[in-house]
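Hi everyone, thanks for making time. I'd like to walk you through one structure today, so have a look at it while I talk.

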Amino acid sequence: MNLTLKIWRQKDASSKGQMVDYNVTDISEHMSFLEMMDVLNEQLIDVGEEPVAFDHDCREGICGMCSMYINGQAHGPDRAITTCQLHMRTFKDGDTITIEPFRAAAFPVIKDLVVDRSAFERIQQAGGYISVNTSGNTQDANAIPISKYAADKAMDAATCIGCGACVATCKNSSAMLFVGAKVSQYALLPQGQIEAADRVRNMVEQMDLEGFGNCTNTGACEVECPKGISLDNIARMNRELIKASV
């Protein structure tokens, strides 16, 4: 396939960025999207140009690093996948593909397609810890009764990889799906109950301090989430916050 790529180029956080057009040729439909980007960067390096900076790590859909906004959609036009799992067979020969970084005030651009998502880390740090007996008489985890419903729901919430697709696709740049998932994975389990009230209050407060917008329940975040995190987690977070505030 021969493709035209319109890519956001920005030297650093303080520089003004712009869209730059590139042409790539002989792209196999079996390539992943990141492999296609590798081909482009090899071409740029060969002619002495600066390669396009983009985040990536595991390339297995686990880490969430490879966040790109492709043709107006977080992680591209496919569903329930990260950018590294997007394959070029999704596109057609001659297509023009627009590639941008995730855009949100709380996700400032570092360079090209790389954004600073450390706001998510600060929100998780605000959640603190869970109290566990480490005195040498630690209770075996299998001895704590947990309903299958709670265990399944907690595991579903824990699958959130913190990629930020929910923020990028939300018209308000809301992080409530992410925060809801992180609150839920502990709120549903007995191990997280001791700090439950402080946890939800602190995480929501930090979310607001980071500059994320409010949720208006349009559901775009759930649609674009590569792990299918449910809006139910936002409702659970709201219930936990109300309980903690009473």
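**Helix 1 and its neighbours**

Okay, let's start with helix 1, where the buried residues are F33, L34, M36, M37, V39, L40, N41 and L44. Just keep in mind that this is a predicted model.

What do those buried residues pack against? In helix 1 they pack against strand 1, strand 2, strand 3 and strand 5. The helix, residues 33–46, lies across those strands, and it runs at about 90° to strand 2. From its first C-alpha to its last, helix 1 reaches 20 Å, close to the 20 Å expected for its 14 residues at 1.5 Å a residue. After helix 1 comes G48, with a positive phi near 80°.

Now the strands themselves. Five of them form an open sheet with mixed pairing, in the order 2-1-5-3-4. Strand 2 (18–24) and strand 4 (73–74) are the edges, each pairing on one side only. As a reminder, strands of a sheet pair through backbone hydrogen bonds, either parallel or antiparallel. Strand 3 and strand 4 are antiparallel and joined by two bridges, and I70 stands opposite Q73 in strand 4.

Let's move on to the cores. In soluble globular proteins, nonpolar side chains tend to be buried together. Here the largest nonpolar core has 38 residues, and V179 and F212 touch the most other members. Helix 2, helix 4, helix 5, helix 6 and helix 8 each supply at least two residues of this core, and helix 5 gives the most, with seven. If you click on F212, you'll find contacts that include F107, F120, I123 and M207. There's also a second, separate core of 29 residues, with L5, M31, I81 and I97 among them.

Last stop: helix 8, residues 232–245. Why is a span of 20 Å what we should get for helix 8? Because it has 14 residues, and at 1.5 Å a residue they should span 20 Å; the end C-alpha atoms are 20 Å apart, which agrees. Its buried residues are N233, I234, R236, M237, E240 and A244. Looking down the axis of helix 8, those residues fall within an arc of 160°, so they line one face. That fits the textbook picture: an α-helix has 3.6 residues a turn, so residues three or four places apart point the same way. The buried residues of helix 8 pack against helix 3, helix 5 and helix 6. And on the other side of helix 8? There I242, K243 and S245 are exposed.

Key: Residues numbered from 1 in each chain as written. Predicted model: local features only at pLDDT ≥ 70, side-chain atom pairs only at ≥ 80, totals over all residues. Heavy atoms only, no water. Helix = DSSP H or I, 4+ residues; strand = E, 2+ residues; numbered from the N terminus. Expected span 1.5 Å × (residues − 1). Buried < 20%, exposed > 50% of the residue type's maximum accessible area, 1.4 Å probe, protein only. Arc of directions from axis to C-beta. Contact = heavy atoms within 4.5 Å. Pairing = 2+ DSSP bridges. Axes fitted to C-alpha atoms, helices over the stretch in contact; angles between N-to-C directions. Core = buried A, V, L, I, M, F, W, Y, C linked by side-chain atoms within 4.5 Å.
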